[in-house]
Amino acid sequence: MKKTIAAAAFMAALWATGAHAETINVFCAPTEYDFCTKIAGEWKDKTGNEAKINKMPALLDDAIPLYQQLLAAKSTDMDVLFLDVIWLGMFKNNMLDLSKLIPKEEQDAQFESTLGAARLDGALVAMPAYMDVGLMFYRKDLLEKYGKTPPKTWDDMAATAKDIQDKEREAGNKDMWGYVWQAKSYEGLTCDAIELIASNGGGTIISDDGKVTIDNPQAAEAIDKAKGWIGTISPQGVLNYDEEASRAIFENGNSVFHRNWPYVWGTSHEDASKIVDKVGVMPLPVGKEGEKSSGCLGPMYFGVSKYSSHPDASADFVGFITGKDAQKDRAVEYAVNPSVPALYEDPDVLKKIPFLKDNRQAFADAAVRPSGYTGTSYNRVSQAFYRSVHGMLSGDTKVEPGLKQLSKRLEKLKESR
Ligand code: GLC
């Protein structure tokens, strides 16, 4: 007993002098910066170690070349990486195996499928930090005002959006739009397009067993439909909107519907938002009756670089920031959906995110991007897909021939996987 106290006092003294404290570099998304900084502070109090938080580029896609460069150079300047689910295959060979470094009970506390997505070639390459799934946000107050119910199909959504948009404009709100979403040429468009296509029975680009499925009439129909929205219920600008740009329109009170990730529940209730208490949220509509709502699945992770000179401290930080307490904090502060199922019953979390239980269904029905099959070539596959869809939406390419061409290109890329 005495020995333990003496050891603790010794350690405390060491921390005080900074003699043994380690400093690690952590990458966090800009939208997570405040949260990461707060967690780093708590981790310092607990361990004496310091986690320096580095902001990733605003567009997460831009972190890929940055990571690639640092990892190729075996840089020791980067210890902890924030990772999108679709990057796990891409970076798996550069990540430390966490299976022995993170306590088993912390691993078991996560959604099995989410943790499973990070078990690659027998290693645990990252730990889930939170869940993401595409959702539909809408103006509850405006639907009520015009006697509308939340739409079940994309066609219903478009009709409701048009009707309310026109009436609101007539009433003097000239800036009103029906629907804002993400159609910029980037990863987000892969998500938005897959949601439309999968919920129309058109598949997820490449099937789990590796067939290129994108050239089909249901996919063409879904893209055509979305193309028709641009300039009618969606501003031309959506062709250049990412999540944050489209969110700004919605939270300024200028759109009836908005597709985004769960975090918008939190931001739309912050002081800067003009629509506090006017927001409803639901699973995304379906293309046809009988199809599944197919929100894009996008959990995020933290992992440790294989080249870190602080592997133990870094793994400890990853365990801390992905653990139940930190995830509860993130959920209660920012309405971000946890990847720890026990928190789906937590009263404080449910108070902040009342629709959390329904989201479990959205996770179950989610559309999964084909990164499992395509592995290291996912990025090229997704780039080919979103560039091609962007061309179709902006009218540069015709949809059906465009899908044929895309399909050929994907067959080639598949070979180089
Ligand atoms: C969100 C999702 C991520 C997706 C990205 C697209 O960050 O969590 O999976 O790739 O949006 O913009």
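This is a short tour of four places to select in the structure, which is a predicted model.

**First stop: the ligand**

Begin by selecting the ligand together with the residues that surround it, namely Asp84, Ile86, Asp132, Tyr186, Glu187, Gly188, Glu243, Trp261, Gly298, Met300 and Arg369. Three of these residues are worth labelling in turn. If you pick Asp84, you will find a polar atom of its side chain 2.5 Å from an oxygen atom of the ligand. Moving on to Gly298, look at the backbone, where a polar atom lies 2.7 Å from an oxygen atom of the ligand. For Arg369, return to the side chain, since an N or O atom there is 2.8 Å from an oxygen atom of the ligand.

**Second stop: two crossing helices**

Keep Glu187 in view, because Glu187 both belongs to the surroundings of the ligand and takes part in the contact that helix α9 makes with helix α18. Now select residues 187–198, which form α9, and residues 378–393, which form α18; their axes come within 9 Å of each other and cross at roughly 70°. Angles of 65 to 115 degrees count as roughly perpendicular, so α9 is roughly perpendicular to α18. On the α9 side, the contact is made by Glu187, Leu189, Thr190, Ala193 and Ile197, while α18 contributes Tyr378, Ser382, Phe385, Tyr386, Val389, His390 and Leu393. If you colour these residues by class, you will see eight nonpolar, three polar and one charged.

**Third stop: Leu284**

Next, select Leu284, which sits in the loop that runs between strand β10 (279–283) and strand β11 (300–304). Is Leu284 buried or exposed? Its relative accessible area is 3%, and a residue under 20% counts as buried, so Leu284 is buried. Leaving aside its neighbours within four places in sequence, Leu284 is in contact with Gly134, Leu135, Met136, Trp154, Glu195, Arg259, Ser293 and Gly295. For a distance to draw in the viewer, join the C-alpha atoms of Leu284 and Tyr373, which are separated by 25 Å and lie 89 residues apart along the chain.

**Last stop: Asn49**

Finally, select Asn49, which is found in the loop between helix α2 (33–47) and strand β2 (50–55). Asn49 is buried as well, with a relative accessible area of 11%. When residues up to four places away in sequence are not counted, Asn49 touches His20, Ala21, Glu22, Trp43, Lys44 and Ala313. Among them, Glu22 deserves a separate look, as its backbone nitrogen lies 2.8 Å from a polar atom of the Asn49 side chain.

Definitions and conventions: Residues numbered from 1 in each chain as written. Predicted model: local features only at pLDDT ≥ 70, side-chain atom pairs only at ≥ 80, totals over all residues. Heavy atoms only, no water. Axes fitted to C-alpha atoms, helices over the stretch in contact; angles between N-to-C directions. Helix = DSSP H or I, 4+ residues; strand = E, 2+ residues; numbered from the N terminus. Parallel < 35°, antiparallel > 145°, perpendicular 65-115°, else oblique. Contact = heavy atoms within 4.5 Å. Nonpolar A, V, L, I, M, F, W, Y, C, P; charged D, E, K, R; others polar. Buried < 20%, exposed > 50% of the residue type's maximum accessible area, 1.4 Å probe, protein only. Polar contact = N/O pair within 3.5 Å; in protein donor to acceptor, adjacent residues only side chain to side chain. Near = heavy atom within 4 Å.
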